[in-house]
Amino acid sequence: RRGELLVFFTVVVYFIGVLAGYIILIAQQLEATRILHVSQKAWTCIIFLPFLGLSFLPDMTAIAKLVPLGVAGAFISCALISCKGLYDSGNWKSWTEAELEGNQIHQTWPQSGASVGAVVGTLYGAFGVNANVPAVLCEMKDPSEFPRALRSALAAVLLLYLGIMLLGHYGYGNFVQGNILISMSRAPANAREAFAAFEGGQLKWCDWTGPCSSMSSFMMQVSVLVNLAISFPLNLMTIIQSFQTMDGFSDKVPVGTVQNYIMRTSLVILVFAIALVIPDFSTVFALFASLCGPLLQTIYPVYFGFKVQRLTSASLRLSRTKIALLIL
């Protein structure tokens, strides 16, 4: 019972953070489109009602039909980042050491231990899928196909992420922006512009006078928006199903009741509140992934697997894989 509550609480906290990150990214993309000349926070408020409506879907059946579209959006956005990064590498190849003034375009190793922690947390969030498994299995027509589907998905994601990390860093280096859409749409004319800073140490990209690319940035905006708009209700359903199946909560929020709708509304309000208070995706995602990722992807599986093994097997030895996970 205590283990179930612990996993339940961690899953809810983790996905609330992930969903807040999604809303931040969606608001950033909408702000960049300049459809309305309003701020990111204003866009966050504007999209609240549509996403609240998505939270009232009874299950994932309707959204599941749109998943191929979301996957296509993810593949296109990854391909755009990789190709544009490779193409934009020409912007810095002519910069001399004198122009760089001691700044490094690329770096092989992190500069501090704190940055390693943020990176590891982000990797947990990027590749960790344990918390999604129950919700996906509940909706699958043939759950026996899940292991193969999981392996295929992880292999595809690994290749895409490698392309983004290698080619994206090669193209934009240490002057990449927190929202890579900015780097893809506008370039610095020289090294001084690239590393110029203002209050808070943020790069002063608004004064960049290099080449602009509106087509690639527009395609990126559309691809990201499609992917995130479909991913949001899928991940939200993980939290909702946790409440609807958890002993002690399921009888208090039956499906279709007012209590259930209040629970869903409260979750969405909390997600949007976080997105408004901390409107930076990197900060939100790294924070929640660092707090909950190691627990969900490493500590809980190893610990509870060991508990089950103790009940069903005479051998209590940890496998090499489990030991490696604990060391990490």
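**Exercise 1.** Which helices each supply at least two residues of the nonpolar patch?

*Solution.* Let's start with the members, keeping in mind that this is a predicted model. The surface patch is made up of Val-119, Leu-123, Leu-158, Leu-159, Leu-162, Met-165 and Leu-166, which together have about 660 Å² of accessible area. Next, look at the helices: H7 (113-127) and H9 (146-172) each supply at least two of these residues. H9 gives the most, with five residues. Finally, pick one member to inspect: Val-119 lies in helix H7, and its relative accessible area of 48% makes it partly exposed.

**Exercise 2.** Find where Trp-95 and Phe-175 lie in the chain, and describe their pairing.

*Solution.* The structure holds 15 aromatic pairs. In one of them, Trp-95 and Phe-175 sit 5.5 Å apart centre to centre, with 50° between the planes, so the pair is tilted. The pair links distant parts of the chain: Trp-95 is in the loop between H5 (67-88) and H6 (97-100), while Phe-175 is in the loop between H9 and H10 (180-185), 80 residues apart. Both Trp-95 and Phe-175 are buried.

**Exercise 3.** Work out the geometry of the pair Phe-281 and Phe-285, then decide whether each residue is buried or partly exposed.

*Solution.* First, the rings: their centres are 5.3 Å apart and the planes differ by 20°, which is under the 30 degrees cut-off, so the pair is stacked. Second, the location: both residues lie in helix H14 (residues 281-312), four residues apart, about one turn of the helix. Third, the accessibility: Phe-281, at 22%, counts as partly exposed, whereas Phe-285, at 12%, counts as buried.

Notes
Residues numbered from 1 in each chain as written. Predicted model: local features only at pLDDT ≥ 70, side-chain atom pairs only at ≥ 80, totals over all residues. Heavy atoms only, no water. Patch = residues over 30% accessible without salt bridge, like charges linked within 9 Å, V, L, I, M, F, W, Y side chains within 5 Å. Areas by Shrake-Rupley, 256 points an atom, 1.4 Å probe, with all protein chains shown as cover. Salt bridge = Lys/Arg side-chain N within 4 Å of Asp/Glu carboxyl O. Buried < 20%, exposed > 50% of the residue type's maximum accessible area, 1.4 Å probe, protein only. Phe/Tyr/Trp six-rings, centres within 6.5 Å; stacked < 30°, edge-to-face > 60°.
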